Amino acid sequence: MKIEDFTEDAPGDLVSIPANEGGIAFVPQPLPPDLNLDRPMLRLLAEASNALGRLDEAVLNLPKPGLVVTTFVRSEAVASSRIEGTITTLEQLTLFNSGAGRVSDPDSAREADNYKQALELGIKLLAGLPPSLRLLKNVHERLMTGVRGAQRRPGEFRTSQNFIAEHESDSLETARFVPPPAVQLGDCLDAFEKYMNGKREYPELVELALIHYQFETIHPFEDGNGRIGRLLVALLTHHWKLLEHPVLRISPFFERRRLQYMDALLGVSQRGDWNTWIRLFLTAVRDQAFDSAKKARQLFELRESYRVAVMARSRSNTALEIVDGLFEMPVVWPEWVKLNQDVTAMTAGRSIDILVAGGILKETTGKARNRLYVAEGIYEVLHAT
C-alpha cells in the first residue's frame, strides 16, 4: 500500500504498523461521512427502493414463501463464496444439503453451506439481539467452523495485522489494502456497533452501503470478512424490515463485477469517492431485486404447471407434496421420499414415476439402483439471465 495513493479527501488516517511488521495501515473515520446525494443518485435510490418493494411483494404473495426462500439463500451463498475463491455450484450445494452424496468437491460445498447456515443463524439471533459485535462473532464462528480457515480464530476478532492481497506473493508493503492495526480495532468496532444501532442519517439503502464499506475496511476477522460483510447486508435488510425474508441475492451482481466492486470500495478509502461506491451498491440492489422478483414469479408459475401435470396423471397427494418440496430441494430419490413423506417404498417409487412422466423430474445416474432425480426446470429458472 502506497502513501501517495491516498488523497487529502480520504475518510481516515494512515498510521504506521509496529516496527516489527513494517508498512502503513488505513484507519477509517467513524460513520457517517458528509454525503452529497445529487438528483441522479436520488433517482437511483428510488429505483432500488421500488425494486426491493416489488421483491418483497412477489415473495409474500406466494402461497408458500418458503418455496423460494431456501433456494434464494442457497444461491446467495454460492455467489458470495465464489467471490472469495470457493468454487461450487447451486447444484452441488443442493446435493450436499440433500445428503445424497455424489458431491464432486465436498469441501467447497461445505464452505458455501456454512454461509447459508450463518445467514440462517443471524436471522434467528436477531429475534433477541440487536445488530452487534456479539452477533457478528456468533455468525462468523458458524461460517468458519470445520472449513478452510477454521484455524483462524472462528468467532474471534483478530489480534494480528492482516491485509488484502492482489497477488499471492504480496506482503504488507505491497498489499492492495491494509486495514487498521489490531491495537486500534477495538475503537473502530465500538464506533461501528454504535452506528449500526444509532439514528440513521441517510435513507436505509444508503446506510447499508456505508455499513458494508466500513465493515470491509475495518476487516475485523482473520478470514471470512468479505462473506460476513455481504451477509450483514442481508441481515440488516431483514432487521430493518426492508424485506420480510432474506431473499435479496446481491452477491451474484458483485461476483460478475468483482474488480469493479473491489475498486469502488478502495476508491472510498483512497479518495473519499463515496458516490461511485454508493451508485454501484444501489445498482446492485435494484438489479438483483428485480431479478429475484422475476425469478420468484417464474418459480411460482413453474410450480403451478408442475401441479397441473401431476393432477393430469394422478390424484396422488404424495406426488403433489414432492412437487412443493422440489422448490426447496430440487433433488429426490426413492428412499428420501419414503422417509420424508412417511410412505411405503412402492408409493414413493410410483410418485416419482408420475413426476418423471410429467417431465418434472429427470433421472441423472443412468443406474438401475441408487437412482437420483433432479428437477432441471427449477435450475433453469435460477440460472437464467
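I began with burial in this predicted model. I looked up Tyr-213 and Trp-274, and both are buried.

Next I checked how their rings meet. Before that, I noted the total: the structure holds 13 aromatic pairs. Tyr-213 and Trp-274 make one of these pairs, with 4.9 Å between the ring centres and 75° between the planes. I logged the pair as edge-to-face, because planes over 60 degrees apart count that way.

Where do Tyr-213 and Trp-274 sit along the chain? I found Tyr-213 in helix H7, residues 204–218. Trp-274 belongs to helix H11, residues 274–311. The two are 61 residues apart, so I wrote the pair down as a link between distant parts of the chain.

I then turned to a second pair, Trp-277 with Phe-281. Their ring centres lie 5.7 Å apart, and the planes are at 55°. I recorded this pair as tilted. Both residues lie in helix H11. Four residues separate them, about one turn of the helix. I checked burial here too: Trp-277 is buried, and Phe-281 is buried as well.

I followed these two rings outward. Trp-277 and Phe-281 belong to one aromatic cluster with Phe-253, Phe-254 and Tyr-261.

Last, I looked for charges over rings. Which charged end sits over the ring of Phe-253? I found that of Arg-257, 4.0 Å from the ring centre. Phe-253 is also a member of the cluster noted above. I made one more entry for Trp-240: the charged end of Arg-200 sits over its ring, 4.4 Å from the centre.

Notes. Residues are numbered from 1 along each chain as its sequence is written. This is a predicted model: local features need pLDDT of at least 70, side-chain atom pairs count only at pLDDT 80 or more; totals for chains, interfaces and linings use all residues. Side-chain values use heavy atoms; hydrogens and water are left out. Rings of Phe, Tyr and Trp (its six-membered ring) pair if their centres lie within 6.5 Å; planes under 30 degrees apart count as stacked, over 60 as edge-to-face and the rest as tilted. Buried means under 20% relative accessible area, exposed over 50%, partly exposed in between (1.4 Å probe, protein chains only). A charge sits over a ring if NZ of Lys or CZ of Arg is within 6 Å of the ring centre and within 35 degrees of the ring normal.
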